[in-house]
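Work through the exercises below with the sequence and the coordinates side by side, and try each task before reading its solution.

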Amino acid sequence: MIITLKKNADEKQLDILLAWLNGFGVTLETETHGDRLVIAVLGDVSRVDEELLSDMEIVESVTRVSEKYKLTNRKLHAEDTIVDVGGRKFGGKNYAFIAGPCSVESEKQIIEIAKAVKSAGAAALRGGAFKPRTSPYDFQGLKSEGVKLLKKAKAETGLPIVTEITSVKSVDDFEGVDLIQIGARNMQNFELLKEVGKLGAPVLLKRGLVNTVDELLLSAEYIMSEGNKNVILCERGIRTFETLTRNTLDLGVILLLKERTHLPVIVDPSHASGLRRLVEPLSLAAAAVGADGVMIEVHNDPVHALCDGAQSVVPEEFKRIVEKTEAVLAACGDKRIEK
C-alpha cells in the first residue's frame, strides 16, 4: 500500500497517522517526492481500512500495490535511482562501463588491465576473486588474495572495484570493495542477499539463468528490505534451448525492468553470448534499448586467460566499443557516459 500525503501535511496529523499504522504491525518506509511525502506500508495490510485512510485530512491518495515487491517498485519511487559507486554514477542520465578480466590472475595483469580500461572510458574495474565454477576442476580464483590485488589496482588507478561474493563466510574480505556483485547462481541465495543488505556498499545483482523479472525484483527486495537501497540490476542472459551462444540475451527485459523499477539496469554482453565477436554489437544494442550501462570482460591476453578467454575482448576492442556507444547514446539523446 502506498499513501501519498497532501502538500505541507500537518506534522501532528502525520504523527497520528504513523502511530495508527504502526499499530497494525506493519513496516513503514517514507520518501519525499517533490513537495509531498509518500509512505509505503509493507507487510500484512489486510486490516488497514482503506476507506478510512482515504478520508483522513492529510491523505491525498491511497494506492494498492499488487506486486509483492514494494521497495524496488516504480509505483513507490517514480524517479530513477542513481547509485554512487566510488564517485561514479549509475542510473538516471548516466551510462557507465564496468570492465576488467573474468578472474584476477596476478598483480601485473590486473593493474595493466585497470590502466587500459580506465584510459578507454571505464567507470569501474571488475575482476573475479571468488569464482563459482560449474566444474570443481576449473580455476576457482585467488580468493582473498584476489580482492587484495583489486584494491592495489584501485590504489594505482583510482577506479572503483567490482567483485563477486559467493558466501556469507567471506564478507570480511569485501571491506573496501565499491560494488559487491551477486552472481546469477546466487540470485536466490536469500541468506547472502540479506547479509549484503546489511552492508554499506552498493550491490550489483545479476539475473539468474532461469529466473523471471518478478523473481529478480523480489531478490533485490531482500537486499533493500535490510536497509541497503543502492542496488544495480544486471541482465546477463538466460538459459534457453539455443546452443550457439552461452546464454540468450533478453534485451526486451531491459524495457520491462525500466517500466517496473526505479533501479539502474545494466547488461553483461560477455556472459550473455560467450563469444568475443558478439560483445560489441550486443553492447551497442544494450545502449540503444535504454540500459544504464554494460559490464564487459576485458583481458590483455585472452588466449592464455585462466577463465572465459573466449568471451573477453582486448583493451583496444573495448576502447572501440566505448567510442561507438557514445555515438549510439548521442543518437538516442538522453544519456552520457560516466567516466
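**Exercise 1. Place V213 in the fold and decide whether V213 is buried or exposed.**

Solution. V213 is found in helix α6, in what is a predicted model. The next step is the accessibility: the relative value for V213 is 14%, and because buried means under 20%, V213 counts as buried. Turning to the neighbours, and leaving aside residues up to four places away in sequence, V213 touches R207, V253, L257 and R260. As a last step, take the separation from D301, which lies 88 residues from V213 in sequence and 36 Å from V213 in space, C-alpha to C-alpha.

**Exercise 2. Find which residues of helix α7 are buried, and what covers them.**

Solution. Helix α7 spans residues 252-260, and its buried residues are V253, I254, L257 and K258. These buried residues lie on the same side of α7, because the arc that they cover around the axis is only 140 degrees. The cover over the buried residues of α7 includes α6 (213-225), together with β12 (231-235) and β13 (265-267). The contacts of V213 in the previous exercise fit into this picture, since V253 and L257 are among the residues that V213 touches.

**Exercise 3. Describe helix α4, beginning with its span and then separating its buried side from the face turned away.**

Solution. Start with the span: α4 runs over residues 144-157, has 14 residues, and reaches 20 Å from its first C-alpha to its last, which is close to the 20 Å expected at 1.5 Å a residue. Next, list the buried residues of α4, which are G146, V147, L149, L150, A153 and T157. The arc they cover around the axis is only 160 degrees, and therefore they sit on the same side of α4. The face turned away from this buried side carries the exposed residues K148 and A155. As for the cover, the elements over the buried residues include α3 (107-120), β8 (124-126) and β9. Finally, look just after α4, where G158 takes a positive phi of about 85 degrees.

**Exercise 4. Characterise the largest pocket and then the second largest pocket by volume and by lining.**

Solution. The largest pocket holds about 280 Å³ of space. Its lining consists of 22 residues, of which K131, P132, E164, R185 and H271 are the closest to the centre. Strand β9 (residues 161-164) supplies the largest share of this lining, with three residues. Sorted by class, the lining of the largest pocket comprises five nonpolar, seven polar and 10 charged residues.

For the second largest pocket, the volume is about 150 Å³. Its lining is made of T134, A184, R185, L209, R236, R239, R246 and N247, and by class this gives two nonpolar, two polar and four charged residues. A comparison of the two lists shows R185 in the lining of the largest pocket and also in that of the second largest.

**Exercise 5. How many cavities of 30 Å³ or more are there, and what lines the largest cavity?**

Solution. The count comes to one cavity of 30 Å³ or more, and the volume of the largest cavity is about 40 Å³. The residues that line the largest cavity are M1, I2, A40, V41, L42, V65, K70 and L76. Strand β3 (residues 36-42) gives the most to this lining, with three residues. By class, the lining of the largest cavity has seven nonpolar residues, no polar residues and one charged residue.

How values were computed: Residues are numbered from 1 along each chain as its sequence is written. This is a predicted model: local features need pLDDT of at least 70, side-chain atom pairs count only at pLDDT 80 or more; totals for chains, interfaces and linings use all residues. Side-chain values use heavy atoms; hydrogens and water are left out. On a 1 Å grid over the protein atoms alone, a cavity is a set of points where a 1.4 Å probe fits but cannot get out, and a pocket is an open set with protein on both sides within 12 Å along at least five of seven lines; lining residues have an atom within 4 Å of a point. Grid points are joined across faces, edges and corners, and a volume is the space filled by probe spheres set on the points. Helices (H or I, at least four residues) and strands (E, at least two) are DSSP runs, numbered from the N terminus. Ala, Val, Leu, Ile, Met, Phe, Trp, Tyr, Cys and Pro count as nonpolar, Asp, Glu, Lys and Arg as charged, and the others, Gly among them, as polar. The expected span of a helix is 1.5 Å times one less than its number of residues. Buried means under 20% relative accessible area, exposed over 50%, partly exposed in between (1.4 Å probe, protein chains only). The arc is that of the directions from the helix axis to the C-beta atoms. Contact means heavy atoms within 4.5 Å.
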